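Trainee: I'm new to this structure and don't want a quick tour. Could you pick a single part, take a close look at it with me, and then place it in the whole chain?

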Amino acid sequence: MTNREWYERACRSLVGGVNSPVRAWGAVGGTPRFFLRGRGAVLEDAEGREVLDYVCSWGPLILGHACPEVVRAVGEAAGRSTSFGAPCPGEVELAEAVKRRFPSIEKIRFVSSGTEATMTALRLMRGVTGREWIVKFAGNYHGHSDSLLVAAGSGALTFGVPTSPGIPASVAEKTLVLPYNDPEAAEDLFARLGKDIAGVVVEPWAGNMGLVPPAPGFLETLRDLTARHGALLAFDEVITGFRVPEGGVQQRIGLTPDLTCLGKVVGGGMPVGALGGGAELMDRLAPLGPVYQAGTLSGNPVSMACGLATLEVLERPGTYETLEARGRQLEEGLSDAARSAGLPLSVTRLGSVLGLFFSPRVPASLEEVKATRGDLYPAFFHGMMDRGHAFAPSAFEALFVSSAHTEEQIASTVRGAAEVFRTLAPQ
Ligand code: PMP
């Protein structure tokens, strides 16, 4: 069956033919490809065409597809049982591996998605402080729970309006949305409402509006404000966690959040999320504390084995060096190619995660991201896909390099991009 035939068949049974909206290629047009298998950095679609993958399942596959050690660990675990619904050693081992990388984490609760990790962070922040208001930043994405699927309006302080029908206004209005990278806006807000704010949740590098670095002092201001006002600070490191050798952005910049949300790499491609923090705070969750949270498949042995094998391979000497080298090669290659083509392009990078902006400057906020030439992206996407290089089917998504990407593969992507950039550049 062709991709189109699969898609038409899928649309008869799955909403929009997909199980997560952006996979439908609505933002770039065309028919999504259906993939049969992956090996390393290469994916094979239903028509037998191969593409080099820069989506990597939106981040989890830091070792590429079907890494032999990971596949073996998953198979062995599944052979012992796919789920116990009772404690198992894998949960303990993965928790210990996470703690080795994140000194701010003393206790962990595993869940099955990033959405659940941030949702649980919110409940804990509210439950512990006895306050209801949460602060998030425009352009940060923390999953699709009611309190966090809230967009910014204009102005420094916006009372949250839901992004989707079905979210009660009474829930969304408890989420205050601030502009990213604007410490003064955060200071103003805390000066006015600080005593009612339960906590702040932030992506320490924003990975859901392209990849936007934190401005100097921004995260430090959030740490300071929350501490002074008795509120809690949660870093959503679902994307950034394990992407740098230090463990997360928090370690790299030397800032300790109260809570850390993890996902993606920690599960190596199986459904895993995690919430971690200091023992005293985390022990407020059930069964030790009153803040309720649960999950039938949380910490299931197959997911734990997948995450554990991924972290083990990742920690081998040389893996982060490879990730850094390949990330840098792509960053520099794309930047040079765009410059030669006369196309304004800014590339941001945190280890092996990159952001592309069709703009001469790196944007600092959602407003600035929206002002870049995102309209060029569909042509870039299709130009690259036609040449065998798969980028995210939506502008302003981060792109991911794995340790399985070879130097030659990245060089071929850069050559492809050079051709595509020439078609996009102003004549
Ligand atoms: N937080 C961040 C920073 C994310 O990027 C995502 C997903 N891309 C989530 C949370 C939600 O994770 P999930 O899709 O696993 O629910």
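Mentor: Sure, but let's settle one word before we start. A residue counts as buried if 20 or more other C-beta atoms lie within 10 Å of its own, as exposed if 12 or fewer do, and as partly exposed in between. Keep in mind too that this is a predicted model. By that cut-off, buried residues make up 49% of the 427 residues in the chain.

The part I'd pick is lysine 264. An unreviewed UniProt entry lists Lys264 under "modified residue: N6-(pyridoxal phosphate)lysine", and such an annotation may be inferred rather than shown by experiment. Where does lysine 264 lie? You'll find it in the loop between β12 (259–262) and β13 (273–277). Is lysine 264 buried or exposed? It has 27 other C-beta atoms within 10 Å, so it's buried.

Now look at what surrounds lysine 264. If you skip residues up to four places away in sequence, it touches Gly59, Pro60, Gly114, Val238 and Ile239. Hold on to two of those names, Gly114 and Val238, and turn to the ligand. There are 16 residues around the ligand, and Ser113, Gly114, Thr115, Gly143 and Val238 come nearest. Gly114 and Val238 therefore turn up twice, as contacts of lysine 264 and among the residues nearest the ligand. Helix α4, which covers residues 114–129, gives the most to the shell around the ligand, with three residues. By class, that shell has ten polar, four nonpolar and two charged residues.

Next, follow the strands on either side of the lysine 264 loop. Strand β12 is covered on both faces: Leu259 and Cys261 are buried on one side, and Thr260 and Leu262 are buried on the other. β12 pairs with β11 (residues 232–236) in the parallel sense, over three bridges. Within that pairing, cysteine 261 is the bridge partner of aspartate 236. β12 also pairs with β13, this time in the antiparallel sense and over four bridges. There, leucine 262 stands opposite alanine 274. In other words, the two strands that flank the loop of lysine 264 are also paired with each other.

One of the contacts of lysine 264 sends us to another stretch of the chain. Gly59 and Pro60 are on its list, and serine 57 sits a little earlier in sequence, in the loop between β3 and α2 (68–80). Serine 57 has a positive phi of about 60° although it isn't a glycine. It has 15 C-beta neighbours inside 10 Å, so it counts as partly exposed.

Strand β3 (residues 50–53) leads us on to a sheet. Four strands make up this open sheet, in the order β1-β2-β3-β16, with mixed pairing. β1 (35–39) and β16 (389–390) stand at the edges with a single partner strand each, so one side of each has no neighbour in the sheet. β3 and β16 run parallel and are joined by two bridges, with leucine 52 opposite histidine 389.

Just before β1 there's another backbone oddity to look for. Tryptophan 25 lies in the loop between α1 (3–13) and β1, and it has a positive phi of about 65° without being a glycine. Unlike a partly exposed residue, tryptophan 25 counts as buried, because it has 21 C-beta neighbours inside 10 Å. Further along, alanine 286 and proline 287 are joined by a cis peptide bond, with omega about 15°. Proline 287 is in the loop between α9 (279–282) and α10 (301–314).

Finally, let's step back to the whole chain. It has 14 helices and 17 strands. Its C-alpha trace spans about 55 × 55 × 45 Å along the principal axes. A compact globule of 427 residues would have a radius of gyration near 22 Å, and the chain agrees with that at 21 Å. Of the contacts between residues at least 6 apart in sequence, 72% join residues at least 24 apart. The lysine 264 contact with Gly59 that we met earlier is a good one to find on screen when you go back to your starting point.

Methods. Residues are numbered from 1 along each chain as its sequence is written. This is a predicted model: local features need pLDDT of at least 70, side-chain atom pairs count only at pLDDT 80 or more; totals for chains, interfaces and linings use all residues. A residue is near a molecule or strand if its C-beta atom, placed from the backbone, lies within 6 Å of it. Ala, Val, Leu, Ile, Met, Phe, Trp, Tyr, Cys and Pro count as nonpolar, Asp, Glu, Lys and Arg as charged, and the others, Gly among them, as polar. Two strands pair if DSSP finds at least two bridges between them. The radius of gyration is taken over C-alpha atoms; the globule rule is 2.2 Å times the number of residues to the power 0.38. Two residues are in contact if their C-beta atoms, placed from the backbone, lie within 7 Å.
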